[in-house]
Amino acid sequence: MDDGTWDARADDGGDPACWLSRVCPECGGLADEDPPTRCPRCGSELPAG
Ligand SMILES: [Zn+2]
């Protein structure tokens, strides 16, 4: 059935929350590791959870 019901989420293979939690709320930068850590761009703390 090629009716355009392709689901992007099925092709991801990963949990978006894995990297969304690393996005700095202050500048939008992406940390190199899972929180708790600090933003490499602005130094803001990225809290765990
Ligand atoms: Zn930042």
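In the predicted model, Cys-42 is placed in the loop that links strand 1, spanning residues 37-38, to strand 2, spanning residues 45-46. Cys-42 is classed as exposed, because 11 other C-beta atoms lie within 10 Å, a count that falls under the criterion of 12 or fewer for exposed residues. When neighbours within four places in sequence are left aside, the contacts of Cys-42 are with Cys-24, Glu-26, Cys-27 and Gly-29. For one of these partners, Glu-26, the separation from Cys-42 is 16 residues along the sequence, while the C-alpha to C-alpha distance between Cys-42 and Glu-26 is 7.7 Å.

A further local feature concerns the backbone at two prolines, where the peptide bond running from Pro-35 to Pro-36 adopts the cis form, with omega near 5°. Of these two residues, Pro-36 is located in the loop between helix 1, which covers residues 17-20, and strand 1.

With regard to the chain as a whole, the secondary structure consists of 1 helix and 2 strands, and these elements follow one another along the sequence in the pattern α-β-β. The chain has 49 residues, of which 6% count as buried. As for contacts between residues at least 6 apart in sequence, 2% join residues that are at least 24 apart; the contact between Cys-42 and Glu-26, with its sequence separation of 16 residues, does not belong to that 2%, for which a separation of at least 24 is required.

Key:
Residues are numbered from 1 along each chain as its sequence is written. This is a predicted model: local features need pLDDT of at least 70, side-chain atom pairs count only at pLDDT 80 or more; totals for chains, interfaces and linings use all residues. Helices (H or I, at least four residues) and strands (E, at least two) are DSSP runs, numbered from the N terminus. A residue is buried if 20 or more other C-beta atoms lie within 10 Å of its own, exposed if 12 or fewer, and partly exposed in between; C-beta atoms are placed from the backbone. Two residues are in contact if their C-beta atoms, placed from the backbone, lie within 7 Å.
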